[in-house]
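Subject: Structure handover

Hi there,

Here is the structure I promised to pass on, with the sequence alongside. My notes on what turned up follow straight after it.

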Amino acid sequence: MTRTMECYEKQNNHPNHGGQLSDGGVSYKTSTDSPGLCAFILTFISYLLIAATFPFSLCLCIKVVQEYERAVIFRLGRLLKGGAKGPGIFFIVPCIDSYRKVDLRTVSFDVPPQEVLTRDSVTVAVDGVIYFSVKDTINAVINVQNFSHSTRLLAATTLRNVLGTRNLAEILSERESISATMQSSLDDATDPWGVKVERVEIKDVRLPVQLQRAMAAEAEAAREARAKVIAAEGEQRASKALKEAAEVINESPAALQLRYMQTLNAISAEKNSTIIFPLPIDLLSHYIKDGNGKKKSKSKKDLLSDDE
């Protein structure tokens, strides 16, 4: 028996022994050498116990997995041929078979806030959310001890590495490209584990309080500068419009009086109040009387002499 076990161990450790099975389009290796005499004996005894305790043994032999689950079966520590079982009913042999269920549904988890030093030497705290699912149940069980925990740790590390190569302005404005880069990197790293990273999102970028105040002051100064420029442009356009209007009015003296009347009408329509309205002296020159009681129209020379 001892010699048989030694031969069995040598066969298991031989590098050339191995076959290929496929589950979900991904191939993986499984041992194809003989399980050994002890395995045959234990298997035979287990089947005898099942037959002796039938039908009570069915409670231990029949297992059920849900539509969104798969079961990976190991017999005496070896992966059972045929790949993952399910969904539905499958059969195991007590005492020599063990199985592990794998959930195929999409799993989401939050990446804890990571303190990241950006390329322009600014410390920010960034967190995110990752969505992933298992595409190959065999690799998810065999190639990694805990695929969910490993994916979480890898996501936190990848988040720090990707953001460390970006400036603060890029982190704030290019979240979609950062998410795509992280998804591609995580998907390549988790592919041997049978895990598919479906989506990566950057949730929040928290800046230091002093940096927030400095950015707010900078933004306020930029807004004030733009407001002053807009006001100056408005005054420039208004002055050009007034110049054109003055040239039009200068061509017809009556147009100025009509403008006076229009302004008076607009003021009186809104509020009834006392209005001091300027009246040009040229309009009264026709009604000034001379010494004989006759109306006399003063010339411009007379008006100038009166002013002196």
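The hairpin of strand 8 and strand 9 has 5 residues between its strands, and S121 in that hairpin takes a positive phi near 65°. Please keep in mind that this is a predicted model. The two strands of the hairpin pair in the antiparallel sense, over 9 bridges. V116 stands opposite V124, which belongs to strand 9.

Strand 9 also has a partner in strand 10 (residues 195–206): that pairing is antiparallel too and runs over 10 bridges. Here Y131 stands opposite R199 of strand 10. Strand 9 is mostly covered, with 10 of its 12 residues buried.

One residue of strand 9 that I looked at more closely is S133. How buried is S133? Its relative accessible area is 2%, so S133 counts as buried. The side chain of S133 joins that of E198 through a polar contact of 2.7 Å. Setting aside its neighbours within four places in sequence, S133 is in contact with L104, R105, T106, G194, V195, K196 and E198.

R105, one of those contacts of S133, has a feature of its own. The charged end of R105 sits over the ring of Y68, 3.8 Å from the ring centre.

Now for the aromatic rings. How many aromatic pairs does a search of the whole structure find? The search finds 2 aromatic pairs. In one of them, F90 and Y99 meet edge-to-face, at 5.5 Å centre to centre and with 80° between the planes. F90 has 6% relative accessibility and therefore counts as buried. Y99 has 30% relative accessibility, so Y99 counts as partly exposed.

F109 and F132 form an aromatic pair that is also edge-to-face, at 5.8 Å centre to centre and with 70° between the planes. This pair links distant parts of the chain: F109 lies in strand 8 (residues 107–117) and F132 in strand 9 (residues 123–134), 23 residues apart. Both F109 and F132 are buried.

Next, another sheet for you to look at. An open sheet of 3 strands has the order 5-4-7, with antiparallel pairing. Its edge strands are strand 5 (78–79) and strand 7 (97–103), each of which pairs on one side only. Strand 4 (residues 69–75) is joined to strand 7 by 7 bridges, and the two run antiparallel. F74 has S98 as its bridge partner in strand 7.

Strand 7 also holds D97. Is D97 buried or exposed? D97 counts as buried, because its relative accessibility is 11%. Its side chain makes a polar contact of 2.7 Å with the side chain of R75. A polar atom of the D97 side chain also lies 2.8 Å from the backbone nitrogen of V93. Not counting residues up to four places away in sequence, D97 touches I73, F74, R75 and I92.

A word on the cysteines, in case you are setting up bonds. A disulfide is a covalent bond between the sulfur atoms of two cysteines. The count of disulfides here comes to 0. Why is C61 not bonded to C59? The closest cysteine sulfur to that of C61 is the one in C59, and at 9.0 Å it is too far for a bond; the cut-off is 2.5 Å between the sulfur atoms. C61 has a relative accessible area of 0%, so C61 is buried. C95 is in no disulfide either, and the nearest cysteine sulfur, that of C61, is 9.2 Å away. C95 is exposed, because its relative accessible area is 72%.

Finally, some totals for the protein chain. The chain has 10 helices and 10 strands. Of its 308 residues, 26% count as buried. Among contacts between residues at least 6 apart in sequence, 61% join residues at least 24 apart.

Happy to talk any of this through whenever it suits you.

Best wishes

How values were computed:
Residues are numbered from 1 along each chain as its sequence is written. Side-chain values use heavy atoms; hydrogens and water are left out. Rings of Phe, Tyr and Trp (its six-membered ring) pair if their centres lie within 6.5 Å; planes under 30 degrees apart count as stacked, over 60 as edge-to-face and the rest as tilted. Buried means under 20% relative accessible area, exposed over 50%, partly exposed in between (1.4 Å probe, protein chains only). Helices (H or I, at least four residues) and strands (E, at least two) are DSSP runs, numbered from the N terminus. A charge sits over a ring if NZ of Lys or CZ of Arg is within 6 Å of the ring centre and within 35 degrees of the ring normal. A polar contact is a pair of N or O atoms within 3.5 Å; within protein, one must be able to donate a hydrogen and the other to accept it, and residues adjacent in sequence count only if both atoms are side-chain atoms. Contact means heavy atoms within 4.5 Å. Two strands pair if DSSP finds at least two bridges between them.
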